[in-house]
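Colleague: I should like to discuss this model with you. May I put some questions to you once it is displayed?

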Amino acid sequence: MQTADAVETIQRELTVFARRARAAAGRMHPELSLVSYTLLGHLEESGGCRATDLAAHYALDKSTVSRQVSALERAGLVARRPDPHDHRVQLLEPTRAGRRILARVTESRRAVFRERLAHWPEEDLSRFADYLVRYNAESGPGPRD
């Protein structure tokens, strides 16, 4: 396959992957979009952070993050707390309910991946994982989670 054809195939297949991921996220928890799931997961992994940190990490507009965070707060999945180092700043963190939903959705997502990849040889899985890590590391600013 020539480089131009390979790049076209990669672009097309990544688009299909993204569409399936959004659809699957909606089925697993209708109130938790893929963006909300990603933001909630980052908040848990980071131990909490500012909304501006989320926007910078995922290369999103602050208004996009603000809308998503507001929806997560209304749903009782995210709470604000003062930053212990700077009381002018509010940190976002998952609530207990947010952590429970995140754990449930994460396990559902893992089960789907395990099922889809169950027949792949271990060597192919390792290679695929390595390629995804490499692609994301070289893709410049933007989502890493």
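Colleague: How many residues lie between S1 and S2 in the hairpin that they form?

Modeller: The model is a predicted one. In it, strand S1 (residues 78-83) and strand S2 (residues 86-94) run antiparallel and are joined by six bridges. Arg81, for instance, has Leu91 of S2 as its bridge partner. The number of residues between S1 and S2 in this hairpin is two.

Colleague: Which helix gives the most residues to the largest nonpolar core?

Modeller: That core has 18 residues, and among those with the most contacts inside it are Leu32, Leu43 and Leu54. Two or more residues come from each of helix H2 (34-46), helix H3 (51-58), helix H4 (62-74) and helix H5 (96-117). With four residues, the one that gives the most is H2.

Colleague: With which residues is Leu43 in contact, leaving aside its neighbours within four places in sequence?

Modeller: Leu43 is one of the residues with the most contacts inside the largest nonpolar core. Leaving aside neighbours within four places in sequence, its contacts are Gly48, Cys49, Leu54, Val78, Leu92 and Pro94.

Colleague: Does Ile10 count as buried, partly exposed or exposed, and why?

Modeller: Ile10 belongs to helix H1, and together with Leu14, Phe17, Phe113 and Tyr135 makes a nonpolar surface patch of about 480 Å². Helix H1 (residues 3-28) provides the largest share of that patch, three residues. Buried would require under 20% relative accessible area and exposed over 50%. Because its relative accessibility is 48%, Ile10 counts as partly exposed.

How values were computed: Residues numbered from 1 in each chain as written. Predicted model: local features only at pLDDT ≥ 70, side-chain atom pairs only at ≥ 80, totals over all residues. Heavy atoms only, no water. Core = buried A, V, L, I, M, F, W, Y, C linked by side-chain atoms within 4.5 Å. Buried < 20%, exposed > 50% of the residue type's maximum accessible area, 1.4 Å probe, protein only. Contact = heavy atoms within 4.5 Å. Pairing = 2+ DSSP bridges. Patch = residues over 30% accessible without salt bridge, like charges linked within 9 Å, V, L, I, M, F, W, Y side chains within 5 Å. Areas by Shrake-Rupley, 256 points an atom, 1.4 Å probe, with all protein chains shown as cover. Salt bridge = Lys/Arg side-chain N within 4 Å of Asp/Glu carboxyl O.
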